[in-house]
Protein chains: 4
Amino acid sequence: MPDVVFSVDQSKSMRDQSVPGHNRWHPDIPPAVTIKPGSDIRVECKEWTDGQIGNNDSANDVRDVDLSHAHMLSGPIAVEGAEPGDLLVVDILDLGPVPQAQGPNCGEGWGYSGIFAKINGGGFLTDYFPDAYKAIWDFRGQECTSRHVPGVRYTGITHPGLFGTAPSPDMLARWNAREQALIDTDPDRVPPLALPPLTDGVLGGTADGDLLAKIGQEGARTVPPRENGGNHDIKNFTRGSRVFYPVYVNGGLLSGGDLHFSQGDGEINFCGAIEMGGYIDFHVDLIKGGMETYGITTNPVFMPGRVEPRYSEWLTFIGISVDHRDDTNHYMDATLAYRNACLNAIEYLKKWGYTGEQAYLILGTSPIEGRIGGVVDLPNACCSVFLPTEIFDVDIRPGGQGPQFQDRGQVAVTS
Amino acid sequence: MPDVVFSVDQSKSMRDQSVPGHNRWHPDIPPAVTIKPGSDIRVECKEWTDGQIGNNDSANDVRDVDLSHAHMLSGPIAVEGAEPGDLLVVDILDLGPVPQAQGPNCGEGWGYSGIFAKINGGGFLTDYFPDAYKAIWDFRGQECTSRHVPGVRYTGITHPGLFGTAPSPDMLARWNAREQALIDTDPDRVPPLALPPLTDGVLGGTADGDLLAKIGQEGARTVPPRENGGNHDIKNFTRGSRVFYPVYVNGGLLSGGDLHFSQGDGEINFCGAIEMGGYIDFHVDLIKGGMETYGITTNPVFMPGRVEPRYSEWLTFIGISVDHRDDTNHYMDATLAYRNACLNAIEYLKKWGYTGEQAYLILGTSPIEGRIGGVVDLPNACCSVFLPTEIFDVDIRPGGQGPQFQDRGQVAVTS
Amino acid sequence: MPDVVFSVDQSKSMRDQSVPGHNRWHPDIPPAVTIKPGSDIRVECKEWTDGQIGNNDSANDVRDVDLSHAHMLSGPIAVEGAEPGDLLVVDILDLGPVPQAQGPNCGEGWGYSGIFAKINGGGFLTDYFPDAYKAIWDFRGQECTSRHVPGVRYTGITHPGLFGTAPSPDMLARWNAREQALIDTDPDRVPPLALPPLTDGVLGGTADGDLLAKIGQEGARTVPPRENGGNHDIKNFTRGSRVFYPVYVNGGLLSGGDLHFSQGDGEINFCGAIEMGGYIDFHVDLIKGGMETYGITTNPVFMPGRVEPRYSEWLTFIGISVDHRDDTNHYMDATLAYRNACLNAIEYLKKWGYTGEQAYLILGTSPIEGRIGGVVDLPNACCSVFLPTEIFDVDIRPGGQGPQFQDRGQVAVTS
Amino acid sequence: MPDVVFSVDQSKSMRDQSVPGHNRWHPDIPPAVTIKPGSDIRVECKEWTDGQIGNNDSANDVRDVDLSHAHMLSGPIAVEGAEPGDLLVVDILDLGPVPQAQGPNCGEGWGYSGIFAKINGGGFLTDYFPDAYKAIWDFRGQECTSRHVPGVRYTGITHPGLFGTAPSPDMLARWNAREQALIDTDPDRVPPLALPPLTDGVLGGTADGDLLAKIGQEGARTVPPRENGGNHDIKNFTRGSRVFYPVYVNGGLLSGGDLHFSQGDGEINFCGAIEMGGYIDFHVDLIKGGMETYGITTNPVFMPGRVEPRYSEWLTFIGISVDHRDDTNHYMDATLAYRNACLNAIEYLKKWGYTGEQAYLILGTSPIEGRIGGVVDLPNACCSVFLPTEIFDVDIRPGGQGPQFQDRGQVAVTS
């Protein structure tokens, strides 16, 4: 087992750990630890909301979640000798929920997925599912099941939703400028177009006083992925993957968390993965000057591992970039096309007795593959969602006597 | 071998076949043949431009292509007893280039891929590659190579780019209305936002006179995918797949073509697949009332086959929905995110000696996977492109001594 | 399409082709053609018994088959410059049944598999199935079905059962000596321990007179695999594979045939694959002195292709090296262990209504994987057979209400 | 995390645990625990030799190992309501080395593989490698490397080598009779043909006195797999697998251990897997009367999981049932054919600088696939070994400039 370089007591807030983590991107957040290139390390992580969601049958906590605390990240980890222009080589050796534990804290044998209310960030289908819902998932080895979504069982492609390096001051300023410019195009939108810096709830590791205030005023929110990596929510950052992160500041300053037991491509219900606290083991190395050498300047590059679950039977739904509610044609909009593919899948699953919310959570949490079909056949982009049929306890493929409708209850709702 | 229900003499234009095909979607195009449910059939297909592109080393023919002729489709095939509301069950038994042939017509041992000029439709990266280019690919069993792109060899996921059923008159009217509305938002755009009906070059099977004129005036262009299927350009419609097509008119009227020897997700260079003439074998069956039974109302659903090539080693590039040229942030734009992922891959491949055009064509033609990463982490969508490293004759992964730059020539250019 | 260097008219015996093939291994069989290294070639092949088996519902032809004619091989193909000690590099570009054909000759849209009678060679389970049986299989693209074995459908891993290079005179003499020594240990055994040279039925390409007599007297029978390759019956010699054959005589003299549409590991019913006539396309190249360079001296080496069908759900049966009929323990006998694994699978399938013969033919023809478990845990070797559950039209896994017994008829029997 | 129903302190012998395990198969060994059907449980396991092998650079401990102590099994676990004729349904939820540990006991971050001396049991190639050797392997997540075998890295298919149910008294008597009959055919053989009951070193759980003496006199040794399961050494009993064990005594009495971090098909060097202590999590259920219902009477049946590592590039070596040392032909001997395939692979790897012992250990420990080729082509069985080329840090495929010989040191040897 590698050395634990960032430890978390899951019963406490990230704010109360011996070395606290952080919830903004800022180059001045003090490193929690410094390691040498070539090290194997373990990083322990809190679940992303810092423990606001409980293992119960009400979605009130999802409805009322305070996003100013999110995401609670572990780090920063400084790497000796890392300088701007280098590549951090990060091997994901292992990761998982809280080891050897069954308990009340998220990641101790269980996780959750939520549909966020439209007034609180929403999700990919928020116009269709504007309210808050929740499902609790129980872990059994590499599989999980949910009392709220009976009849499915997944082998999880476990992965971190969010890891990245610190931005340089210049890069941070650019982020803030371009995101504010976007917000300014429609400042009253619900949900907002982007999230500007926010001093409420800021946590900056061991920073306090003026430095913490500065981090709150300038620090980028952690929701989007950006040039430094960040909240990729790519399910294939799994065991055995190797990631090449660009370095923008001395030491690189690797931080992250937001561990997911399982997630479908797109993480469509926003809090769509099965969220958990836990640990992740890395090997960290350095390619000096690697950004220029390999032309990796804008985003991380990675090589997925070879231990993803292997499914071979799929049912695939297609969507195009037309808003079918009012027959409006959008131009080459892959986002809309993927939304339609997901809606088509949900309509199909309803025929088998799943509620819309259950189907939505299945797409968010199971190892679906979201694929770009055509993005050149003007005006319609085409995307598809590959649903593995082997996750269901009945044969859901078309054919035979038609769908077998069963009452499957419902996910947790708000009171 | 199944009965040939639509035959093509590859040395002739689609217009001069014994039963001509068609190049518009219209419910009144006369069926070329009527088959019974449960039939196995063979459909022969022309390459999509009706033979405008030659096996040579100049891209002039790509530059000068007349798109009013495209796509040249085989069909329509009427299915006895099919009525609106049914599902056509279409098994793709087999498909391939022109059997047992080596010759001058596309599909006779060779195919091509092109980058279209911006003034002629463009492609996914047309702002970066505004001119016309071409590569010729030679087929050897299920693999292909190109004299214009040395150092790569693909096992093709061979598939039809375009199959679909005929729209009802109402559906056709809706298509024309919504696409015209889109065009009207920017009527002078180059390339255009959508393609309205066009009488020039129209072919309507055996229709002539007033009927042909009507088809020209009303018929939907074949470029986009729509509710009837159409130009999906989904590489996984391969051998062994089963597709469920909605039926909108009596007989269903299945038509298609645009066969591809190989293509990457997105078909990013528009004419990005390796295009070919050839044949496709179907088993066709019917689920009466299947659209309502299964909730399949808006788009086809399919089950991919299990004979896709198996790659296990990938290099994955990520993009986010920021235009990095001027640091403009777009909201949840998966199209832009995927474009950036592709551009990142191209920059990387340049380090190994591929020209930008060669790299662009590799992404268009090789079995890359285009994946939706996150589409909820506002404001940045995140997409990724998985490049199979085993298609290259050198190890292109980062590491070791750095990239080995080699001069690899260039694709075919215009004169 | 590559040049046809060995052509077969499927309506005629191999003896009556313009250039006949051969059915013995001998260095003096005259080359049918000479090719240059680097060539792409097509070789057409007869089904292995030279057309003795018909598309009908009687197994009499299997019972009465004359094995002195088998295997009917295409070739020899001489490669310019090949000398003893070289490696022939043979890429399998493509292969399949008779192209574009539906007819009475095996490979024209259909193939067969047979259980051979114990008195005529038998098979792996001949003590349990001593009589002759047959099933006819219909090809539909890469899938096949049988009227004699309802309820299964396979995606075939199509491959040649038999290809190899010519032995040197010395090697041939050694083969004959060691096989005769084996026969001499039990000369009256039924089936025999090995097959010595046989002048009856010999075919030696264009050889006649004294040379043909010599080939008959000395030529090795084609049944076993040997140092030169030969009758491997390894299902993974499929499209995209690259095989390295040792060269023992000048020119190498590559010959083969015995094409299989599908086969399980072990080809357990002897004529267990789905046999067919057809074609195979090769690229042939040479590594001078490659045997010493790579230490490949005793058997070919190969790299399987990446277009094998992809199954992910299996039911696995285990066997150990005990003869359970009389509780006799054999020492580390993997053959017996695999036989027991197969018998266990057959007992299981009987519970679903398959006859023993149907189950036997399923194991012989479907893409089962036969795996070595432990071969060190004295005294019991352990082997297992992986049966892909997705080939069945019902869910055959244990669980639920127990097996659903259905009457599924029977394979073709003798009169 | 499931309840621990059998706990192990890795620093102590299995004999000194709070509830000791056992090292013989006997129906009278007292259950260590009784569980209800439907339970999730954790079983902790010692490494199979009870800690005789150390993390050092000498193979003396392998040479001197006392096999009377092996295998040290955890259990028996009685299942309420299980009766002869039932099937135990055992889901492997998870397994691994000692959690969260790095230390001197095997499984605490490391494991070993050994070549046993011919005078001490030997291995599959003991005639070729008669002496004792050892390699130590370090675990990093799901991958492992060895200082004794540089240049390879595996993603382990982690699995238990040995689990099974207790034999009935009758079955035990039959085992002893048939194995003694085998021994009697060559009682002085080295290594012996089988291992009879042995009172030395016997451990029978909590049994002592007369009962322990009886267990020693009658108890079957744990080396071979038998009808109850036992030492299968099948690498695919991995996470997510479901095993159906026959029940022969009341309670079923499930026992096992011999955990392997990684192993190739055949476990060819006997102690060929990477051995470790650790834990395994099961879900246990019952199918009443399942043996008759499903025809599962002789051996367990299982369904492998879908989280095995995914390799797609292989180099495959073939062997036939001829002893090439003296050109002796054996009849349909798959064991010999597989031995030759392994020897061919070793000769090949030597060209790249691996010693024979290193190559032997690579085949024993890496996820090679051992396949039955043909077992009907008399007289020569044909087996093949699929070696995943992606485990090597250089490209080991034939081609290019020929093999790149490097000095790679040697495994641990005896003094």
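In the predicted model, Val301(A) stands opposite Phe317(B), a residue of strand β18 of chain B. This pair belongs to a contact between strands of two chains: strand β17 of chain A (residues 301–303) and strand β18 of chain B (residues 314–320) run antiparallel and are joined by two bridges.

The strand pairing accompanies a wider contact between chains A and B, in which 84 residues of chain A meet 83 residues of chain B. On the side of chain A, the greatest contribution comes from helix α5 (residues 334–350), which supplies eight residues. Classified by residue type, that side of chain A comprises 43 nonpolar, 24 polar and 17 charged residues.

The relation between the copies was examined by superposition. A turn of 180 degrees, with a shift of 0.0 Å along the axis, lays chain A on chain B with an RMSD of 0.0 Å. The C-alpha atom of chain A nearest this axis belongs to Arg371(A), at a distance of 2.3 Å. Of the interface residues of chain A, 99% are also interface residues in chain B, and the copies therefore meet through the same surface.

Chain A can likewise be laid on chain C, with an RMSD of 0.0 Å, by a turn of 180 degrees and a shift of 0.0 Å along the axis. These two copies are thus related as by a two-fold rotation axis. Here Ser312(A) is the residue of chain A that comes closest to the rotation axis, its C-alpha atom lying at 2.7 Å. Because 100% of the interface residues of chain A are also interface residues in chain C, these copies too meet through the same surface.

Within chain A, the domain assignment gives domain 1 (3–303) and domain 2 (314–391). Taken over C-alpha atoms, the centres of the two domains of chain A are separated by 26 Å. Their contact draws 25 residues from domain 1 and 19 residues from domain 2 of chain A. On the domain 1 side, the elements of chain A that give two or more residues are β6 (110–115), β7 (133–140) and β15 (270–275). Of the elements on this side, β15(A) gives the most, with three residues. The domain 1 side of the contact divides into 14 nonpolar, seven polar and four charged residues.

Attention then turned to the interior of the model. The largest nonpolar core has 266 residues, and those with the most contacts inside it are Leu88, Cys342 and Ala345 of chain C together with Leu88, Cys342 and Ala345 of chain D. Leaving out residues up to four places away in sequence, Cys342(C) touches Phe124(C), Leu125(C), Ile268(C), Leu363(C) and Val385(C). Another core, of 264 residues, lies apart from the largest one and includes Leu343(A), Val376(A), Ile77(B) and Tyr354(B).

A further position in chain C, Leu93(C), lies in strand β5 (residues 87–97). Because 22 other C-beta atoms lie within 10 Å, Leu93(C) is buried. With neighbours within four places in sequence left aside, the contacts of Leu93(C) are with Asp40(C), Asp281(C), Phe282(C) and His283(C) of its own chain, and with Arg140(B), Gly141(B) and Glu143(B) of chain B. The C-alpha atoms of Leu93(C) and Gly305(C) are separated by 9.7 Å, although the two residues are 212 residues apart along the chain.

Key: Residues are numbered from 1 along each chain as its sequence is written. Chains are lettered from A and ligands numbered from 1 in the order in which they are written. This is a predicted model: local features need pLDDT of at least 70, side-chain atom pairs count only at pLDDT 80 or more; totals for chains, interfaces and linings use all residues. Two residues are in contact if their C-beta atoms, placed from the backbone, lie within 7 Å. Helices (H or I, at least four residues) and strands (E, at least two) are DSSP runs, numbered from the N terminus. Ala, Val, Leu, Ile, Met, Phe, Trp, Tyr, Cys and Pro count as nonpolar, Asp, Glu, Lys and Arg as charged, and the others, Gly among them, as polar. Two strands pair if DSSP finds at least two bridges between them. Copies are superposed by least squares on the C-alpha atoms of residues with pLDDT of at least 70 in both. Domain bounds come from an automatic or database domain assignment. A residue is buried if 20 or more other C-beta atoms lie within 10 Å of its own, exposed if 12 or fewer, and partly exposed in between; C-beta atoms are placed from the backbone. A nonpolar core is a set of buried Ala, Val, Leu, Ile, Met, Phe, Trp, Tyr and Cys residues joined through C-beta atoms within 7 Å.
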